[in-house]
Amino acid sequence: MVGGKGNTRGTRQGGVISPLLANLYINRFLKFWRMQERTKAYRAHIVSYADDFVILSRGHAAEALAWTKAVMTRLGLTINEAKTSLKDARYERFDFLGYAFGPHCNGRVASGTWATVPRRKA
């Protein structure tokens, strides 16, 4: 086990200063994202809260993730690989801030399998 009081890098999770530092670093990342016009380049938007964020992209998610990892490395930060993944939200669910996004079930169908809730076409 690593971290806690014996850790010499970063701040303790849940520590008093941790939310402030998280917001400072994510703010730098978000400003750089806007400055580099990543929204246009990746057809993407970022939804963030404290140090958690989701990048919603139309067709360029892998590129957005690679760019994000490179920028975070330059900032001296690491991305939690256990919480990081690429998902197609039209077909796969993902969790963010305790909420599940993506296709959801609306009940059982006759065969005993689950059916997904149909979406309106835009």
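This is a tutorial dialogue on how to read some features of a predicted model.

User: Where should I begin with this chain, and how many helices and strands does its secondary structure come to?

Analyst: A plain way to begin is to list the elements and then their order, keeping in mind that the model is predicted. Here the protein chain comes to three helices and six strands, and, read along the sequence, it follows the pattern α-α-β-β-α-β-β-β-β. The chain has 122 residues, of which buried residues make up 17%. Its accessible surface comes to about 10000 Å², and 54% of that surface belongs to carbon and sulfur atoms.

User: How should I read the length of a helix, for instance what should the 18 residues of H1 span?

Analyst: The idea is to compare an expected span with the distance between the end C-alpha atoms. At 1.5 Å a residue, the 18 residues of H1 should span 26 Å, and this agrees with its end C-alpha atoms, which are 26 Å apart. For helix H3, which covers residues 61-74, the 14 residues should span 20 Å, and the end C-alpha atoms are indeed 20 Å apart.

User: Which residues of H1 are buried, and which are exposed on the other side?

Analyst: Buried here means under 20% relative accessible area, and exposed means over 50%. In H1, the buried residues are Ser18, Ala22, Ile26, Phe29, Leu30 and Trp33. Because they cover an arc of only 100° around the axis, they fall on the same side of H1. Arg34 and Met35, on the other side of H1, are exposed. The cover over the buried residues of H1 includes H2, S1, S2 and H3.

User: Which residues are buried in H3?

Analyst: In H3 the buried residues are Ala64, Trp67, Thr68, Val71 and Met72. These cover an arc of only 135° around the axis, so they too lie on one and the same side of their helix, H3. Among the elements that cover them are helix H1 (18-35), helix H2 (38-42) and strand S2 (52-57). Thr68, which lies in helix H3, is a good residue to follow in the viewer: its relative accessible area is 1%, so it counts as buried. Leaving aside residues up to four places away in sequence, Thr68 touches Phe29, Trp33, Phe53, Ile55 and Ile79.

User: What is the general idea behind a nonpolar core, and which residues make up the largest one here?

Analyst: In soluble globular proteins, nonpolar side chains tend to be buried together. In this model the largest nonpolar core has eleven residues, namely Ile26, Phe29, Leu30, Trp33, Tyr42, Ala44, Ala64, Trp67, Val71, Met72 and Leu75. H1 and H3 each supply at least two residues of this core. Ala44 can be followed further, since setting aside residues up to four places away in sequence, Ala44 touches Trp33, Thr39, Ile55, Leu56 and Ser57.

User: How do S1 and S2 run, parallel or antiparallel, and how many bridges join them?

Analyst: To read a strand pair, look at the direction of the strands and at the bridges that join them. Strand S1, residues 44-49, runs antiparallel to S2, and six bridges join the two. One residue to pick out is Ile46, whose bridge partner in S2 is Ile55. The hairpin of S1 and S2 has two residues between the strands, and in this hairpin Ala50 takes a positive phi near 55°.

User: What sign does phi have in most residues other than glycine, and where is Arg43 found?

Analyst: Most residues other than glycine have a negative phi. Arg43 is found in the loop between H2 and S1, and its phi is near 45°, a positive value in a residue other than glycine. Glu37, which follows H1, also has a positive phi, near 55°. Leu97 lies in the loop between strand S3 (94-96) and S4, and its phi, near 55°, is again positive in a residue other than glycine. At 42% relative accessibility, Leu97 counts as partly exposed. Glycine appears as well, for just after H3 Gly76 takes a positive phi of about 80°.

User: Is Gly102 buried or exposed, and how many residues apart in sequence are Gly102 and Lys87?

Analyst: Gly102 is found in the loop between strand S4 (99-101) and strand S5 (105-108). With a relative accessible area of 17%, Gly102 is buried. Gly102 and Lys87 are 15 residues apart in sequence, and their C-alpha atoms are 9.3 Å apart in space.

Terms used. Residues are numbered from 1 along each chain as its sequence is written. This is a predicted model: local features need pLDDT of at least 70, side-chain atom pairs count only at pLDDT 80 or more; totals for chains, interfaces and linings use all residues. Side-chain values use heavy atoms; hydrogens and water are left out. Helices (H or I, at least four residues) and strands (E, at least two) are DSSP runs, numbered from the N terminus. The expected span of a helix is 1.5 Å times one less than its number of residues. Buried means under 20% relative accessible area, exposed over 50%, partly exposed in between (1.4 Å probe, protein chains only). The arc is that of the directions from the helix axis to the C-beta atoms. Contact means heavy atoms within 4.5 Å. Two strands pair if DSSP finds at least two bridges between them. A nonpolar core is a set of buried Ala, Val, Leu, Ile, Met, Phe, Trp, Tyr and Cys residues joined through side-chain atoms within 4.5 Å. Accessible areas come from the Shrake-Rupley method with a 1.4 Å probe; for residues, only the protein chains shown count as cover.
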